Every structure is written in structure tokens, then in C-alpha cells.
Amino acid sequence: MTNGQHEYKMLVLTKRLKVPGLLETMTDQAPEVSRVMGKIEEDLGTSMAALDGGGWSINSHSVTVYNGLVIASILLSR
């Protein structure tokens, strides 16, 4: 989508937690979620560079943990 001179794209990256059923509280999940977010961050740079020729910057983001899956939705602009 474009708006004047700016172009926007949504990028969604997901990673599964290693032990989704064994971690009952968010405090228990924090180290595993942190590890998975590190992996998502690694993938994000590669994905942004490869998306339609690169040149993207992060405008906004949201992270959700759902049923053992970490979902990062990122709004990009250039």
C-alpha cells in the first residue's frame, strides 16, 4: 500500500516455543519467549532486506504468544 510518497507493508513472522505445554505462567515462559524473539529478530533483518528490494524501516510492531506460537506483526515503511 502506498500513501503519497510512503509505501507500507505488513510482515508477520512466527516461531514455535520449544515447550509450549510445560510453561504455565508468563514468568515461566519469559526465557523461552526471549530466545524465540532473538530468532525472530535475526529473521527480521533478512526478511526486510529481501522484501521488494529492501530499504524498509520498522514503523510499528506487535507481539503475541498464542497456543505455543510467538507471532510478531511488523508494520514497515519506506
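Select Ser77 to begin: at 10% relative accessibility, Ser77 counts as buried, because the cut-off for a buried residue is under 20%. The structure on display is a predicted model. Ser77 belongs to strand S4.

Next, show the residues that Ser77 touches. Leaving aside residues up to four places away in sequence, these are Glu7, Tyr8, Gly55, Trp56, Ser57 and Asn59.

Now display the whole chain as a cartoon. It contains one helix and four strands. Followed from the N terminus, the elements appear in the order β-β-α-β-β.

Then select Leu11, Leu13, Ile40, Leu44, Met48, Ile74 and Leu76. Among the 13 residues of the largest nonpolar core, these touch the most other members. Which elements give two or more residues to this core? They are strand S2 (6-16), helix H1 (26-50) and strand S4 (69-77). The greatest contribution comes from H1, which gives five residues.

Keep Met48 selected and show what surrounds it. Not counting residues up to four places away in sequence, Met48 touches Leu11, Gly54, Trp56, Ser57, Ile58 and Leu76. Two of these names, Leu11 and Leu76, were also in the core selection above.

Finally, return to the full chain and turn on its surface. The accessible surface comes to about 5,300 Å², and 52% of it belongs to carbon and sulfur atoms. How many of the 78 residues, as a percentage, count as buried? The value is 24%. Of the contacts in the chain with a separation of 6 or more, 61% are between residues 24 or more positions apart.

Conventions: Residues are numbered from 1 along each chain as its sequence is written. This is a predicted model: local features need pLDDT of at least 70, side-chain atom pairs count only at pLDDT 80 or more; totals for chains, interfaces and linings use all residues. Side-chain values use heavy atoms; hydrogens and water are left out. Buried means under 20% relative accessible area, exposed over 50%, partly exposed in between (1.4 Å probe, protein chains only). Contact means heavy atoms within 4.5 Å. Accessible areas come from the Shrake-Rupley method with a 1.4 Å probe; for residues, only the protein chains shown count as cover. A nonpolar core is a set of buried Ala, Val, Leu, Ile, Met, Phe, Trp, Tyr and Cys residues joined through side-chain atoms within 4.5 Å.
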